[in-house]
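Please read the following account with the sequence and the coordinates at hand. It takes the charged pairs before the nonpolar core, and ends with a single residue.

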Amino acid sequence: MADEAEEDVRERLKAALWFAVGKMVDEETLRRNRNVTPQFIGALTEMVWAQIENVALDLESFSRHAGRTTITTDDVLLLARRNQDLHTIIRDFVDKQKATKAKGKSKR
């Protein structure tokens, strides 16, 4: 029964991803005056799903290797280490969030 529930959640997530990808593709096709097939949207969704699964496995592995059960921003930064631009964007965002959080705590 648990496997059935997991599969149901997986299918719902995949359907939501398909919808989101389809929406983004529709917006781009309208903006660029192009057409795409439903097969293209399906293939793109499958590719994005596979990438999400790989990222999730990597993040879990980094966290487990560090002896934690929770994924942290350090794990995300480690994942982005080979893409310097992405790493910089994430690092700046994290630093900004930490500064905002510290500022809020100092007001109390």
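How many salt bridges does the structure hold? In this predicted model the structure holds seven of them, and several can be followed one by one. Side chains of opposite charge can pair when their charged atoms come close.

One of these pairs joins Glu46 to Lys14, with the closest N and O atoms 3.3 Å apart. This salt bridge links distant parts of the chain, since Glu46 belongs to helix H2 whereas Lys14 belongs to helix H1, and the two positions lie 32 residues apart in the numbering sense of being 32 residues apart. The two partners also differ in their surroundings: Lys14 counts as buried because its relative accessible area of 19% falls under the 20% limit, while Glu46, at 42% relative accessibility, is partly exposed.

A second salt bridge is formed by the side chains of Asp75 and Arg68, with an N to O distance of 2.9 Å. Here the acidic partner, Asp75, is buried, with a relative accessible area of 3%, whereas Arg68 is partly exposed at 28%.

Within helix H4, which spans residues 84-106, Asp95 and Arg91 lie four residues apart, or about one turn of the helix, and these two residues form a salt bridge whose closest N and O atoms are 3.3 Å apart. Asp95 has a relative accessibility of 37% and is therefore partly exposed, and Arg91, with a relative accessible area of 28%, is likewise partly exposed. Elsewhere, Glu28, Arg31 and Arg32 are linked in a network of salt bridges.

Which residues make up the largest nonpolar core? This core consists of five residues, namely Leu17, Val21, Val25, Ile41 and Trp49. Helix H1 and helix H2, the latter covering residues 38-65, each supply at least two residues of the core, and H1 gives the most, with three residues. When neighbours within four places in sequence are left aside, Trp49 is in contact with Arg10, Leu13, Lys14 and Leu17, so that Lys14, the partner of Glu46 in the salt bridge described above, is also a contact of this core residue.

The last stop is Thr29, which is placed in helix H1, a helix that runs over residues 2-32. Is Thr29 buried or exposed? Thr29 is buried, because its relative accessible area is 12% and the limit for burial is 20%. Apart from neighbours within four places in sequence, Thr29 is in contact with Arg34 and Val36.

Methods. Residues are numbered from 1 along each chain as its sequence is written. This is a predicted model: local features need pLDDT of at least 70, side-chain atom pairs count only at pLDDT 80 or more; totals for chains, interfaces and linings use all residues. Side-chain values use heavy atoms; hydrogens and water are left out. Buried means under 20% relative accessible area, exposed over 50%, partly exposed in between (1.4 Å probe, protein chains only). Contact means heavy atoms within 4.5 Å. A nonpolar core is a set of buried Ala, Val, Leu, Ile, Met, Phe, Trp, Tyr and Cys residues joined through side-chain atoms within 4.5 Å. A salt bridge is a side-chain nitrogen of Lys or Arg within 4 Å of a carboxyl oxygen of Asp or Glu.
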